[in-house]
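The following exercises are to be worked through with the sequence and the coordinates at hand. Each task is followed by a solution in steps.

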Amino acid sequence: MRLSRKRRTTMRAVRLNQIAKPLEEAEVPVPNIGPSDALIRVAACGICHSDEHYHAGISRIDRLPVTLGHEIAGWIEKVGDEVKHVAPGDRVCVHYLAHCGTCEFCIRGFEQFCGTVEMIGKHRDGGYAEFIKVPGRNAFPLPDEIPFEIGAIMMCSSATALHALNKARLKPGETIAIFGFGGLGFSALQLARTLQCGQVYVVDINPAKLASAKMLEAIPIDATKGNPVEQIVEETNGKGVNVSVELIGLGTTMQQAVQCLAPLGRAALVGLTSESMSIFPYTDLINKEVEIIGVSDHLSTEIPTLIEFARSGKLHFPPDALRFVALDAEQINASLNALQNSIDHIRSVIKIGS
Ligand SMILES: [Zn+2]
Ligand SMILES: [Zn+2]
């Protein structure tokens, strides 16, 4: 349990003031909370590839300045009267979509389509700060066994990887091809295993990533050594796979993710791209009754399952994959810059307090 001794009125935040300019440190008011909100003292906040896209202007932000950071874990500092499931001092992690909770999509459990949904750390202030205000329903209890830094980073790529597998309706024993073995792919592999999948095929072009896939007993498919569809078809004795997940965001790999499917297969497309993909409707789709499924973010209803997978060790992150930085503009800017040409598994996490 960690509570600040004295109520603070201001806090440090590292903010994006201007697109493509370095983030700057600022002393800003500690947010006031409403009856349905929670104020969280941030313990860890992941520096995500999306943050660099916001910073660089690749993904548009309309309202500046804004405090970035959507991969957040910490302690509850204060809750509004209506928030009953967490209390001051509790360890929590944060679901990054702030939604109304009352519209048609929210009631159906698809809050990513809420008419007023806001991405924390993009449309409203995020976790590169000492405190953050979130709707109370976005705070999920984080068991003691899960370190804050893991609780933080799993709320983005791991949560989306789980949503992709759920959308693809992966069943026990089914084979799966994972296109792209970064943070999402690494989580997708472990989560697919937790869901008792059959053989996993990992498609990448990076030798280190392919080697680590092999170490994790997946079959590496090196896309530099020929068409991955042909390689997968050969490895599966001509059958193809039951499920594929595309995590790269290229028209070509999306096409391959569809073409490597067995009859009745499902391709879940996660990677973001403005490219188009081409398929042959008869041979690739109709003749095999395969499905192409779009995947956007994830659902708050999936988060307790994800937390339980992490608590029980089924989802884990190698300790050497994380690098820690302070809530310091210079260190955060350096981490964002490094993401522009990141090819390894290293994740930077802002750590505040202890
Ligand atoms: Zn993220
Ligand atoms: Zn809503």
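**Exercise 1.** Are Glu71 and Cys156 buried or exposed?

*Solution.* The model is a predicted one. In it, Glu71 is buried, and Cys156 is buried as well.

**Exercise 2.** Determine which protein atoms bind the zinc ion (ligand 1), and assign the geometry.

*Solution.* Step 1: the donors are Cys48 (SG), His70 (NE2), Glu71 (OE) and Cys156 (SG), at 2.0 to 2.3 Å from the ion. Step 2: the angles subtended by these four donor atoms run from 93 to 125 degrees. Four donors count as tetrahedral if all angles lie between 85 and 135 degrees, and the arrangement is therefore tetrahedral. Step 3: the spacing of the donor residues in sequence is C-x21-H-E-x84-C. Glu71 in strand 5 (residues 71-79) and Cys156 in helix 3 (residues 148-167) are 85 residues apart, a pair that links distant parts of the chain.

**Exercise 3.** Carry out the corresponding analysis for the zinc ion (ligand 2).

*Solution.* Step 1: Cys100, Cys103, Cys106 and Cys114 coordinate this ion, each through SG, at 2.3 Å. Step 2: their donor atoms subtend angles of 105 to 115 degrees, so this arrangement is tetrahedral. Step 3: the sequence spacing of the donor residues reads C-x2-C-x2-C-x7-C. Step 4: Cys100 has a relative accessible area of 26% and is therefore partly exposed.

**Exercise 4.** Describe how helix 1 (residues 49-56) and helix 10 (residues 329-339) meet.

*Solution.* Step 1: their axes come within 9 Å and cross at roughly 95 degrees. Step 2: helix 1 is therefore roughly perpendicular to helix 10. Step 3: His49, Asp51, Glu52 and His55 of helix 1 make the contact with Leu336, Asn337 and Leu339 of helix 10. Step 4: by class, the residues of this contact are two nonpolar, three polar and two charged.

Key:
Residues are numbered from 1 along each chain as its sequence is written. Chains are lettered from A and ligands numbered from 1 in the order in which they are written. This is a predicted model: local features need pLDDT of at least 70, side-chain atom pairs count only at pLDDT 80 or more; totals for chains, interfaces and linings use all residues. Side-chain values use heavy atoms; hydrogens and water are left out. Donors are N, O and S atoms within 2.8 Å of the metal (3.2 Å for Na, K and Ca); water is not among the atoms, so sites may look incomplete. Four donors count as tetrahedral if all angles lie between 85 and 135 degrees; four count as square planar and six as octahedral if opposite donors are over 155 degrees apart and all others between 65 and 115; anything else is irregular. Helices (H or I, at least four residues) and strands (E, at least two) are DSSP runs, numbered from the N terminus. Buried means under 20% relative accessible area, exposed over 50%, partly exposed in between (1.4 Å probe, protein chains only). Axes are lines fitted to C-alpha atoms, for helices over the stretch in contact, and angles run from 0 to 180 degrees between N-to-C directions. Angles under 35 degrees count as roughly parallel, over 145 as roughly antiparallel, 65 to 115 as roughly perpendicular and the rest as oblique. Contact means heavy atoms within 4.5 Å. Ala, Val, Leu, Ile, Met, Phe, Trp, Tyr, Cys and Pro count as nonpolar, Asp, Glu, Lys and Arg as charged, and the others, Gly among them, as polar.
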